[in-house]
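Here are some notes to read beside the structure, set out as numbered points. Please keep the sequence and the 3D view open while you go through them.

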Amino acid sequence: MIKKTVTMSDIAKAMNVSTVTVSKALGDRDGVSESLRERIKQKATEMGYRIHTGGRTLKDGLTYNIGIVVAKHFISEPSAFYWIMYKYLVELLQRQNYYGMLEVVEDGTDGSCEIPNSVHDKKVDGLILLGQFSDEYIDKLMSFSIPTVFLDFYGSREDAETVLSDSFYGAYILTSYLIDCGHRNIGFLGSISSTSSIQDRYLGYYKALLEHGLPLSREWVIGDRSPEGEIHKTFRLPQNLPTAFVCNCDEAAFKLVNQLQSMGYKVPGDISIVGYDNHIYSTMCQPHLTTMDVNSQAMATEAVDIILHKIRDINYKRGRTLVAGKLIRRDSVRNLNAERF
């Protein structure tokens with residue numbers, strides 16, 4: 001069965017606006033408010049509309065579309081970190097007269113996931129894979145020989161172009177900060193086998209412990225999510241708790257703080273908590289979280305720059321690009337050293 005081509009009329013019907021309004025919005029012409037323009041473009045992306053920019057697709061064989069592929073569980077909430085990353089990607093691509101087509105797959109950890117139609121139908125010039133995918137699924141995607149960039153994860157392929165937050169060093173800095181504040185019993189909250197980023201953060205945490213001669217207690221390394229990637233509402237905590245936790249993300253840290261407070265613990269009075277990402281949960285939390293700021297805009301900028309270079313030159317190689325974060329000190333850490341004087 002041939003898949004129906006999405007038209008401006010289809011988008012107009014879905015948005016309950018005129019086809020003229022859709023045309024103006026997609027063509028960046030006057031007569032449409034910025035908020036409506038963005039909503040129309042987002043709907044066009046979701047529906048798989050193929051944009052032709054200035055007739056160039058007829059001249060140079062390019063579609064001027066970039067597929068942004070993400071596993072469904074990573075964008076299950078409007079506040080999810082990857083929605084922010086996707087927004088940056090779309091904005092950066094638009095500045096280069098490219099269009100970002102969001103492709104959501106059901107499960108990024110299963111090699112049996114379906115390949116997006118935009119890849120099968122050659123409707124994209126490049127792919128940005130966002131989040132985490134299995135090696136099997138990556139091999140399937142890359143068998144189509146479309147320029148590809150991995151964003152915020154990596155796999156076992158040596159030929160992959162990858163843009164990463166420096167998770168290893170970031171968690172090392174966070175853990176070292178807790179140690180500098182006098183903490184010696186420090187746990188880690190994160191499912192180590194879930195994503196490459198969590199695993200790197202665990203290794204950074206472990207390195208800091210090793211450097212300071214502190215033991216790694218297995219009972220204080222606690223999983224935070226289901227095999228499908230959904231973060232638990234509460235966590236299985238041991239009877240004997242450490243004085244501090246390094247959490248692999250702000251959402252997990254936020255939920256841990258709420259759980260500890262419901263159990264009668266004070267944060268940071270009894271237990272200090274640090275998060276990771278400097279996302280919305282870091283300031284929703286009471287107290288506000290000390291965390292590692294991930295420069296998602298810089299990561300998106302690197303990914304777009306690489307994919308456009310690869311489209312222009314099939315032999316272009318950048319390799320592995322690490323983007324540094326920044327320690328954000330807030331109110332969720334108790335300085336035990338300051339109390340000794």
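**Notes on a predicted model**

1. I begin with a single side chain. Lys87 has a relative accessibility of 47%, and because buried means under 20% and exposed means over 50%, Lys87 counts as partly exposed. Please bear in mind throughout that this is a predicted model. The partner of Lys87 in a salt bridge is Glu91, and the closest N and O atoms of the two are 2.7 Å apart. Both residues belong to helix H5, which covers residues 81–95, and they are 4 residues apart, or about one turn of the helix. Glu91 is partly exposed as well, its relative accessible area being 26%.

2. A second salt bridge may be set beside this one, since a search of the whole structure finds 11 salt bridges. Here Lys255 is paired with Glu251, with 3.4 Å between the closest N and O atoms. The two are 4 residues apart in helix H10 (residues 250–262), and are therefore separated by about one helical turn. Are Lys255 and Glu251 buried or exposed? Both of these residues are buried.

3. The next salt bridge joins Arg318 to Asp305, and its closest N and O atoms are 2.4 Å apart. Asp305 is found in helix H12 (296–312), while Arg318 lies in the loop between H12 and strand E11 (320–323), so the pair ties together parts that are 13 residues apart in sequence. Both ends of this salt bridge are partly exposed, with a relative accessible area of 27% for Arg318 and a relative accessibility of 32% for Asp305.

4. Which residues do salt bridges that share partners join into one network? They are Asp139, Arg157 and Asp159.

5. Helix H7, which runs over residues 135–142, has as its buried residues Tyr137, Ile138, Leu141 and Met142. When one looks down the axis of H7, these buried residues fall within an arc of 130°, which means that they line one face of the helix. Among the elements that cover the buried residues of H7 are strand E1 (65–71), strand E2 (99–105), helix H6 (117–120), strand E3 (126–130) and strand E4 (148–151).

6. The aromatic side chains deserve a point of their own, for the structure holds 11 aromatic pairs. One of them is formed by Phe133 and Phe153, which meet edge-to-face, with 5.9 Å from centre to centre and 65° between the planes. Phe133 lies in the loop between E3 and H7, and Phe153 in the loop between E4 and strand E5 (161–165), so this pair ties together parts that are 20 residues apart in sequence. Phe133 is buried, with a relative accessible area of 3%, and Phe153 is buried too, with a value of 0%.

7. Phe153 also takes part in a pair with Phe150. Their ring centres are 4.9 Å apart and their planes stand at 15°, and because planes under 30 degrees apart count as stacked, this pair is stacked. Phe150 counts as buried, at 1% relative accessibility. Which aromatic cluster do these residues belong to? Phe133, Tyr137, Phe150 and Phe153 form one aromatic cluster, and Tyr137 has already appeared among the buried residues of H7.

8. Charged groups are also found over aromatic rings. The charged end of Arg201 sits over the ring of Tyr276, 3.7 Å from its centre, and the charged end of Arg320 sits over the ring of Tyr154, 4.6 Å from the centre of that ring.

9. Helix H2 (residues 19–26) can be read in the manner of H7. Its buried residues are Thr21, Val22, Ala25 and Leu26. Seen down the axis of H2, they fall within an arc of 125°, so they line one face of the helix. These buried residues pack against helix H1 (8–15) and helix H3 (34–47). After H2 comes Asp28, whose phi is positive, near 55°.

10. The last point concerns Gly48, which has its place in the loop between H3 and helix H4 (56–60). At 22% relative accessibility, Gly48 counts as partly exposed. If neighbours within four places in sequence are left aside, Gly48 is in contact with Val6 and Met101. Gly48 and Gly67 are 19 residues apart along the chain, and their C-alpha atoms are separated by 9.8 Å.

Note on methods. Residues are numbered from 1 along each chain as its sequence is written. This is a predicted model: local features need pLDDT of at least 70, side-chain atom pairs count only at pLDDT 80 or more; totals for chains, interfaces and linings use all residues. Side-chain values use heavy atoms; hydrogens and water are left out. A salt bridge is a side-chain nitrogen of Lys or Arg within 4 Å of a carboxyl oxygen of Asp or Glu. Buried means under 20% relative accessible area, exposed over 50%, partly exposed in between (1.4 Å probe, protein chains only). The arc is that of the directions from the helix axis to the C-beta atoms. Contact means heavy atoms within 4.5 Å. Rings of Phe, Tyr and Trp (its six-membered ring) pair if their centres lie within 6.5 Å; planes under 30 degrees apart count as stacked, over 60 as edge-to-face and the rest as tilted. A charge sits over a ring if NZ of Lys or CZ of Arg is within 6 Å of the ring centre and within 35 degrees of the ring normal.
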